[in-house]
Amino acid sequence: MNRGKKVIAVYLLLLTGLLGLCGCSAPSSASGSRKGTEDIELIYEGSMELRYAENFSVDYYRGGYVLLTLKEGEKFLIVPEGEAVLEKTKEDAVVLRRPLNNLYLVASAAMNMVCELDALDTVTLSGQKADGWYIEEARQAMESGKLLYAGKYNKPDYELILSRNCSLAIENKMISHAPEVIEKLEGFGIPVMIDYSSYESHPMGRVEWIKFYGALLGKTEQAEKAFEKQAAVLEQVMAEETTGKSVAFFFITANGMVQVRTPSDYVPKMIELAGGRYIFEELGEKGESGSTMNIQMEEFYSTAKDADFLIYNSTIDGGIASLEELLEKSGLLGDFKAFREGNVWCTTNDMYQQSMSIGYLIEDIHNMLLGDETAEMKYLFRLE
């Protein structure tokens with residue numbers, strides 16, 4: 001969207017009788033709304049500055065209106081509390097009115113950001129059960145009954161969602177496999193928003209999505225501070241030496257295949273930012289969009305046997321605690337250089353849900369590469 005002055009022609013209607021159009025379920029005072037029906041101009045004032053994220057944009061308009069635009073062109077116009085609800089805009093935006101409450105959060109990567117913004121009270125419906133959350137605040141909220149399980153992305157509990165006056169469903173891209181769910185939720189007057197943070201090519205692009213949620217929930221200042229905290233960690237790591245040491249990041253499936261990350265994924269980028277070299281930098285076709293690939297153990301061995309470090313991804317199978325457990329998955333791993341030299345590491349189970357700690361994970365990888373025994377690791381631990 002151009003940075004120059006932009007005008008969106010909109011039609012203004014009274015709030016009464018139009019709550020279904022904006023996806024809000026709980027009536028509130030319209031005392032701040034303009035009177036009558038008239039054509040107005042919503043005046044563009046500026047856009048959010050983004051350093052890494054490419055899959056969303058935020059534009060600001062006079063009077064506190066905010067336009068959120070997503071990866072595939074979806075638009076959401078945020079209307080300030082007490083202001084007029086817009087029936088239609090040239091942007092074809094879904095209209096959401098503050099305050100947004102009783103959110104149905106299916107995109108688990110967003111929960112860490114919501115908690116970081118101190119906005120967990122806006123989420124009352126979860127796509128995860130209590131034992132599926134590694135984020136303590138979310139688990140406690142479910143155990144106390146403040147946050148209720150409302151079904152997986154493809155099997156939501158519509159009755160519960162409607163009874164809680166849900167104002168917005170936040171899904172991940174998996175919802176594209178269940179378009180009938182989107183259709184049904186929207187048919188009930190519940191807008192559906194898709195989180196594309198996992199499609200960011202730069203690791204810090206994922207972190208920058210906290211600015212999106214800050215704009216959505218009216219927590220812009222808090223979001224900026226949280227992002228800058230992680231950006232400062234990355235800048236410190238990048239100011240230090242590049243080691244050039246090679247790293248294999250992997251997971252062994254139940255059928256003995258080895259799942260590795262493709263070069264376009266964010267994990268190889270984190271290894272690079274930490275000062276290392278991802279051992280499978282030539283894997284797959286150039287420009288391939290998938291984040292993972294399954295290969296035979298023989299191929300994994302031929303490429304990674306001389307890697308300086310191995311990192312086992314424990315977020316899928318619940319993790320392992322020792323080298324012995326790793327050998328039970330494949331005895332061939334005992335012949336790897338990293339195994340012989342004691343440089344086999346494992347991620348903590350909560351790595352994927354801790355979306356606001358990517359800077360810390362990059363720092364962990366950097367300290368691993370440097371062999372810093374005094375460093376306090378947050379998301380990596382050495383297997384003994």
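The legends below describe several close-up views of one predicted protein model.

Residues are numbered from 1 along each chain as its sequence is written. Because the model is predicted, local features need a pLDDT of at least 70 and side-chain atom pairs count only at pLDDT 80 or more, while totals for chains, interfaces and linings use all residues, and side-chain values use heavy atoms, with hydrogens and water left out.

**View 1. The whole protein chain and its confidence.** The protein chain averages a pLDDT of 86 (the predictor's confidence in each residue, from 0 to 100), and 85% of the residues score at least 70. Over residues 1-39 the pLDDT is below 50, although this stretch has 92 contacts (heavy atoms within 4.5 Å) in the model beyond near neighbours in sequence. Where pLDDT is low, the predicted coordinates should not be read in detail. The chain holds 13 helices and 19 strands, which are DSSP runs numbered from the N terminus (helices are H or I, at least four residues; strands are E, at least two). Of its 384 residues, 53% count as buried (under 20% relative accessible area, with exposed meaning over 50% and partly exposed in between, for a 1.4 Å probe and protein chains only).

**View 2. Ser-357 and Gln-354 in the loop before helix 13.** Ser-357 has its place in the loop between strand 18 (344-347) and helix 13 (358-370), and Gln-354 lies in that loop as well. Ser-357 is buried, with a relative accessible area of 9%, and Gln-354 is buried with a value of 14%. Not counting residues up to four places away in sequence, Ser-357 touches Asn-112, Gln-230 and Tyr-379, whereas Gln-354 touches Asn-112, Tyr-134, Ile-135 and Tyr-379. The side chain of Ser-357 makes a polar contact of 2.9 Å with the side chain of Tyr-379, and one of 3.4 Å joins the side chains of Gln-354 and Asn-112. A polar contact is a pair of N or O atoms within 3.5 Å; within protein, one must be able to donate a hydrogen and the other to accept it, and residues adjacent in sequence count only if both atoms are side-chain atoms.

**View 3. Helix 13 and its buried residues.** Helix 13 is mostly covered, since 11 of its 13 residues are buried, among them Ile-358, Tyr-360, Asp-364 and His-366. Its 13 residues should span 18 Å at 1.5 Å a residue (the expected span is 1.5 Å times one less than the number of residues), and this agrees with its end C-alpha atoms, which are 18 Å apart. Just after helix 13, Gly-371 takes a positive phi of about 70°.

**View 4. The covered side of helix 3.** The buried residues of helix 3 (residues 136-144) are Ala-138, Ala-141 and Met-142. They cover an arc of only 95° around the axis (taken from the directions from the helix axis to the C-beta atoms), and therefore lie on the same side of helix 3. What covers them includes helix 2 (109-116), strand 9 (123-126) and strand 10 (148-149).

**View 5. A cis peptide bond and a positive phi between strands 7 and 8.** The loop between strand 7 (94-97) and strand 8 (103-105) contains Pro-99, and the peptide bond from Arg-98 to Pro-99 is cis, with omega near 0°. Asn-102 is found in the loop between strand 7 and strand 8, where its phi is near 55°, a positive value in a residue other than glycine.
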